Amino acid sequence: MNHNLGDDTCFLNDDEVNKLPEIICAFANSSGGIVILDSISELNIPHEIEYNVQELSDGKYAVHVQPLKWNRRPAMIHDRVYRRVEGENIISGRYARSVMSMDALNSSRDDFPVKAKLDEECMNEFRASVLSLRTGYENLNRNEFFRRTFIYSGKYLTFAGALMFGKIMRVRAKVNDTKIEAYNIWRAYTDILPRLTHKLSDRCARAFREAFINSLLHSDYNISRFISLKIKPNPLRAVIDNPAIVRGVTRNHRLQKIFVLSGISKCNNEGIERIKLYDPKFKLEQDMLNFRVRASIPLEGVETLPDVIML
């Protein structure tokens with residue numbers, strides 16, 4: 001097999017056509033791709049995979065494979081799940097299969113009940129923020145308010161509520177010689193993020209803020225509750241690394257609703273603030289092997305930012 005057009009293209013001659021099903025499956029379970037064939041007498045492509053065939057000028061054929069939507073993954077060949085990583089097909093292990101299958105359930109996993117100690121000061125700040133922005137919540141008692149704002153489901157605290165106001169994750173940052181620590185998303189946003197952006201230009205601070213919000217909304221906290229943020233030189237940029245692969249729609253629906261109610265986020269229907277629309281240097285890369293997403297944001301006006309920040 002010859003790979004010389006990048007990771008998303010491969011060539012198969014007639015002697016290698018038996019590899020086609022696993023390659024098609026690998027492309028569909030990843031980011032899509034193109035297979036170049038000498039002939040198309042028998043494609044043998046699983047019915048759930050979307051593709052189209054293009055005849056090339058040299059008599060060969062290009063099979064363009066579309067990536068499966070997240071809620072239809074994984075496609076399987078002979079009870080095996082293949083993915084495409086760095087130009088090669090790999091057989092996913094049990095962990096990778098379970099992550100893809102769980103993601104395909106199309107359910108809000110931030111809704112399940114948890115036991116966690118909540119930070120009352122954070123919750124009071126959240127309530128004040130909601131009341132300052134919206135009407136109709138003024139006369140609700142405490143429990144009804146938190147049910148209406150998606151922190152409770154019935155009488156139970158949700159996973160999203162615990163992430164937002166509890167102590168089930170840790171956020172760490174180091175600014176110059178000062179260490180900052182937070183135990184929930186609310187404190188990470190209200191205490192840590194302003195310290196990282198107050199010396200940036202308005203345009204740069206907006207990109208930094210939106211990339212951070214997107215990482216929180218699209219992270220899969222069932223994989224990991226660890227998000228890293230580093231400042232890198234040459235060129236100066238912030239790199240945010242978080243667990244999960246981008247779906248195209250929000251993974252954490254309740255978190256999105258909490259963000260919108262509190263004024264943290266003005267998301268579109270997909271839960272994504274469109275950084276790319278105004279910053280062409282913004283980059284988003286997906287690590288299909290480890291199920292992580294890396295966002296890179298160029299920085300400017302950074303007299304006091306540290307060499308490295310770890311969130």
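Biologist: Let me start with one residue: is Asp202 buried or exposed?

Modeller: Asp202 is exposed, with a relative accessible area of 72%. That value goes over 50%, the cut-off for calling a residue exposed. Please keep in mind that this is a predicted model. Asp202 belongs to helix 7, which covers residues 202-218.

Biologist: How far is Asp202 from Glu300 in space?

Modeller: Their C-alpha atoms are separated by 9.7 Å, although the two residues stand 98 residues apart along the chain.

Biologist: Before more details, how many helices and strands does the protein have?

Modeller: The protein has eight helices and 14 strands. Of its 311 residues, 49% count as buried. The accessible surface comes to about 16100 Å², and carbon and sulfur atoms account for 47% of that surface. Contacts tell you about the fold too: among those between residues at least 6 apart in sequence, 61% join residues at least 24 apart.

Biologist: Now to charged residues. What is the general idea of a salt bridge?

Modeller: Side chains of opposite charge can pair when their charged atoms come close. In this model the count comes to 14 salt bridges. One of them joins the side chains of Arg142 and Glu120, with N and O 3.1 Å apart. Arg142 is in helix 4 (residues 142-148) and Glu120 in helix 3 (residues 120-133), so this pair ties together parts that are 22 residues apart in sequence.

Biologist: How accessible are Arg142 and Glu120?

Modeller: Arg142 is partly exposed, with a relative accessible area of 34%. Glu120 is partly exposed as well, at 39% relative accessibility.

Biologist: Which pairs sit within one helix, and how should I read them?

Modeller: Start from the geometry: an α-helix has 3.6 residues a turn, so residues three or four places apart point the same way. In helix 6 (residues 185-197), Asp191 and Arg187 are four residues apart, about one turn of the helix. The two form a salt bridge whose closest N and O atoms are 3.8 Å apart. Asp191 counts as partly exposed at 33% relative accessibility, while Arg187 counts as buried at 12%.

In helix 7, Arg206 and Glu210 also stand four residues apart, about one turn. Their side chains meet in a salt bridge of 2.9 Å, N to O. Here Arg206 is partly exposed at 44% relative accessibility, and Glu210 is buried at 5%.

Biologist: Which residues are linked in a network of salt bridges?

Modeller: Asp103, Asp220, Arg247 and Arg251 are linked in such a network. Asp103 turns up again in helix 2 (residues 94-103), where the buried residues are Ala96, Val99, Met100 and Asp103. Looking down the axis of helix 2, you find these buried residues within an arc of 95 degrees, so they line one face of the helix. They pack against helix 1 (20-29) and strand 5 (82-85).

Biologist: And how do I read a sheet?

Modeller: Strands of a sheet pair through backbone hydrogen bonds, either parallel or antiparallel. In this structure, four strands form an open sheet in the order 11-12-14-13, with antiparallel pairing. Strand 11 (228-232) and strand 13 (283-287) are the edge strands, each pairing on one side only. On average, neighbouring strands of the sheet are turned by 20 degrees against each other, direction ignored.

Biologist: How many bridges join strand 11 to strand 12?

Modeller: Five bridges join strand 11 to strand 12 (residues 237-243), and the two run antiparallel. To find your place, look for Ser228, which stands opposite Asp241 in strand 12.

Biologist: Which strands does helix 7 lie across?

Modeller: Helix 7 lies across strand 11, strand 12 and strand 14 (292-298), and runs at about 10 degrees to strand 12.

Biologist: One last helix: how many residues of helix 8 are buried?

Modeller: Seven of the 10 residues of helix 8 (residues 253-262) are buried, so this helix is largely enclosed by the rest of the structure. Among those buried residues are Leu255, Ile258, Phe259 and Leu261, but also Arg254. The buried residues of helix 8 pack against helix 3, helix 4, strand 7 (152-153), helix 5 (159-165), helix 6 and helix 7.

Biologist: What follows helix 8?

Modeller: Gly263 follows helix 8, with a positive phi near 85 degrees.

Definitions and conventions: Residues are numbered from 1 along each chain as its sequence is written. This is a predicted model: local features need pLDDT of at least 70, side-chain atom pairs count only at pLDDT 80 or more; totals for chains, interfaces and linings use all residues. Side-chain values use heavy atoms; hydrogens and water are left out. Buried means under 20% relative accessible area, exposed over 50%, partly exposed in between (1.4 Å probe, protein chains only). A salt bridge is a side-chain nitrogen of Lys or Arg within 4 Å of a carboxyl oxygen of Asp or Glu. Two strands pair if DSSP finds at least two bridges between them. Axes are lines fitted to C-alpha atoms, for helices over the stretch in contact, and angles run from 0 to 180 degrees between N-to-C directions. Contact means heavy atoms within 4.5 Å. The arc is that of the directions from the helix axis to the C-beta atoms. Accessible areas come from the Shrake-Rupley method with a 1.4 Å probe; for residues, only the protein chains shown count as cover.
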